[in-house]
Amino acid sequence: MADEIKYEYKAVQTVRGTSGLVISKMEKDGWELVEQAQGTLRSTLEFRRPKKPQPWLLIGTAAAVLVILTIVIGAASALSDGGEKKGESDKSAAAASEKPSATPTPTAAESAATEVITPQNNPEFAALLKADSCDDANLDFASRHEGQTVAFNGSIVNMASHGDDDTRYDFLLGPGDKGPNTTVGPAFKYEDVNIFDLKLTGKKIPALVGAGDKFRFVAEVGEFNADQCVFFLDPISTGIR
């Protein structure tokens, strides 16, 4: 039953003659003598007392506090770990930002290589424009600078239809202003291009072009055909001058 008294029990052994003192002391502490067994030298005293009710409210409160503390400590630990990880991440990011870029800074030579090559900034090209069209300087320059951009003042030495096409042409170009009378420098060639491919620029763009016309040629370096002594270029722009 819910109201039934529950007891706790305790056995105490005493020396003969001291039982009264022990019983008195135990009773003061709430114990009740239940049985006494008298021995020759010792006596065994059996006591009982009602069990104290468990402070369930206090226990529940303590358990709740313990749970809350556990949650708080866990959250604090998680935040601490997160902070440490974030700190480590920030440090890693900072370290990464301090590392040199994967893309190296171009050297002076590399920067120069990206510039438009002209007779004024490139002695090799200046010498080439005065060399014979079959000179080894043509092959050397084409090998070293293929794909780069050159610019020079020149003129059209010859212009002919490309095959049977009436709108596409082969242009033979030379440095200087002598047109068909050019005798020095490479035999530069634009092959299989139309007038629009020349990308004419300037204040007065002519409707027609032909041998003897003078321009500022800007072109991409192609290959050199040593058998024909022809230096191929691809037009980028053609400035009227």
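**Asn194 side chain**

I started with Asn194 in this predicted model. Its side chain reaches the backbone nitrogen of Phe196 at 3.0 Å. I then looked for a second partner and found the backbone nitrogen of Asp197, 2.8 Å from a polar atom of the Asn194 side chain.

Where does Asn194 sit? I placed it in the loop between strand S6 (188–193) and strand S7 (200–201). Buried or exposed, I wondered about Asn194? Its relative accessible area came out at 17%, and the cut-off for buried is under 20%, so I noted Asn194 as buried. I also listed its contacts, leaving aside neighbours within four places in sequence: Asn194 is in contact with Thr167 and Arg168.

**Disulfide search**

Next I searched the whole structure for disulfides and got 1. The pair is Cys134 and Cys229, with sulfur atoms 1.8 Å apart. I checked what this pair links: distant parts of the chain, 95 residues apart. Cys134 is in the loop between helix H4 (123–128) and helix H5 (136–145). Cys229 is in the loop between strand S8 (214–225) and strand S9 (230–240).

Which hand does the disulfide have? I read a torsion of about 115° about the S-S bond of Cys134 and Cys229, so I wrote down right-handed.

I looked up accessibility for both ends. Cys134 has 41% relative accessibility and counts as partly exposed. Cys229, with a relative accessible area of 14%, is buried.

**Nonpolar cores**

Then I turned to the nonpolar side chains. In soluble globular proteins these tend to be buried together. The largest nonpolar core here has 25 residues. I pulled out the members with the most contacts inside this core: Phe125, Phe141, Phe171, Phe188, Tyr190, Phe231 and Leu233.

Which elements give two or more residues to the core? My list reads H4, H5, strand S4 (149–161), strand S5 (169–175), S6, S8 and S9. S8 gives the most, with 5 residues.

I picked Phe125 for a closer look and left out residues up to four places away in sequence. Phe125 touches Phe141 and Phe188, and its other contacts are Ile117, Thr118, Pro119, Val150, Ala151 and Phe152.

Last, I noted another core that lies apart from the 25-residue one. This other core has 6 residues, among them Ile23, Met26, Trp31 and Phe47.

Definitions and conventions. Residues are numbered from 1 along each chain as its sequence is written. This is a predicted model: local features need pLDDT of at least 70, side-chain atom pairs count only at pLDDT 80 or more; totals for chains, interfaces and linings use all residues. Side-chain values use heavy atoms; hydrogens and water are left out. A disulfide is a pair of cysteine sulfur atoms within 2.5 Å. Helices (H or I, at least four residues) and strands (E, at least two) are DSSP runs, numbered from the N terminus. Buried means under 20% relative accessible area, exposed over 50%, partly exposed in between (1.4 Å probe, protein chains only). A polar contact is a pair of N or O atoms within 3.5 Å; within protein, one must be able to donate a hydrogen and the other to accept it, and residues adjacent in sequence count only if both atoms are side-chain atoms. Contact means heavy atoms within 4.5 Å. A nonpolar core is a set of buried Ala, Val, Leu, Ile, Met, Phe, Trp, Tyr and Cys residues joined through side-chain atoms within 4.5 Å.
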